[in-house]
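Hello! Here are some notes to read alongside the model, set out as numbered points. I start with the pocket and then turn to the helix packing.

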Amino acid sequence: LLLQIMQKYEKENMHKPETIEEKDTFRAEIKKAARNYSKELNFYEAVNNAYKCFQPPTISFELEEIFQDTKIENKEETSAFWILNAALKQFYEKNKLLPINGKIPDMTADTDSYLRLQKIYQNKAKEDYLEMKNLTENILKERNLSTEYISEEYLRTYCENTQTIQFFRFKTPKEEFHHPEKDDIGSEFYDQESLIAWYIIIRAVLKYQTKYLKLPGENIEHSKYLDLEF
């Protein structure tokens, strides 16, 4: 419904709705297209989702950060994750969209229409997957890696989740042990659901073990010093 009415609107107005008045007009066109708007749930859903037609396709801030990471262009990088990120960046720069996962949201529709729409989505997802596979294989060849270096299952899972990809950087255990983020640790005490208490206990136990060469509880006399030290 939204696609058809948007095509009709653009043909008549030469652009998509931009102002509040134009968007209201577009929603009114959806209602007008219904035989009985108050009884046709699919038209009601179309009106409620009309805002999606006004928003240009975007990617998440997290994915933008990944695209800007130096690992993307690093020819020495052999991590499957970063190779796929490089392929995804090429895909996005070419198509201005991310691969679709082939799933459609729940909506009111007759079974035949829903299945036909689902088939369209699945075919497009397969097309996007094959393009991603080709881009990935080209990158693998450039880095002198086998085209089977990344399994089809991993690539397919990646393509199905490109909308929610995130990358987190953490300190190594050694870095954290010698240079803890004291401000972050302090802020955790205000969160009742935080597990910071376990962090403190573990650090205390490690420090105790380093000093006394044994764990708390192995010797009652030594264990009593744990409260005094920490």
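1. A word on the pocket to begin with: this is a predicted model, and its largest pocket holds about 2300 Å³ of space. The lining is made up of 50 residues, and those closest to the pocket centre are Leu2, Leu3, Lys52, Pro105 and Tyr121.

2. Which elements supply the lining? Two or more residues each come from helix 1 (2-13), helix 3 (41-48), helix 4 (51-54), helix 6 (80-95), helix 7 and helix 8. Helix 7 gives the largest share, with 10 residues. If you are thinking about the chemistry of the lining, it divides by class into 25 nonpolar, 11 polar and 14 charged residues.

3. Helix 7 (residues 111-142) also packs against helix 8 (residues 152-160): their axes come within 10 Å and cross at roughly 120°. The two helices are therefore oblique to each other, as the range counted as roughly perpendicular ends at 115 degrees. Helix 7 passes helix 8 in a right-handed crossing.

4. Looking at the side of helix 7 in this pair, you will find Tyr129, Met132, Lys133 and Thr136, which meet Glu152, Leu155, Arg156, Tyr158 and Cys159 of helix 8. By class, this contact has 5 nonpolar, 1 polar and 3 charged residues.

5. Next comes the pair formed by helix 5 (residues 61-68) and helix 6, with axes 10 Å apart and an angle of about 105°. Helix 5 and helix 6 are therefore roughly perpendicular to each other. From helix 5, the contact uses Leu63, Ile66 and Phe67, while helix 6 brings Phe81, Trp82, Asn85, Leu88, Lys89 and Tyr92. The class division here is 7 nonpolar, 1 polar and 1 charged. Recall that helix 6 is also among the elements giving two or more residues to the pocket lining.

6. How do helix 2 and helix 3 lie relative to each other? The axes of helix 2 (residues 20-33) and helix 3 come within 9 Å and cross at roughly 175°, and the two are therefore roughly antiparallel. Arg27, Ile30, Lys31 and Ala33 of helix 2 meet Phe43, Ala46 and Val47 of helix 3. By class there are 5 nonpolar and 2 charged residues in this contact, and no polar ones. Helix 3, like helix 6, is listed among the contributors of two or more residues to the pocket lining.

Methods:
Residues numbered from 1 in each chain as written. Predicted model: local features only at pLDDT ≥ 70, side-chain atom pairs only at ≥ 80, totals over all residues. Heavy atoms only, no water. Axes fitted to C-alpha atoms, helices over the stretch in contact; angles between N-to-C directions. Helix = DSSP H or I, 4+ residues; strand = E, 2+ residues; numbered from the N terminus. Parallel < 35°, antiparallel > 145°, perpendicular 65-115°, else oblique. Left-handed = near helix turned anticlockwise from the far one by under 90°. Contact = heavy atoms within 4.5 Å. Nonpolar A, V, L, I, M, F, W, Y, C, P; charged D, E, K, R; others polar. 1 Å grid on protein atoms, 1.4 Å probe; cavity = no way out; pocket = protein on both sides within 12 Å on 5 of 7 lines; lining within 4 Å. Points joined across faces, edges and corners; volume = space filled by probe spheres on them.
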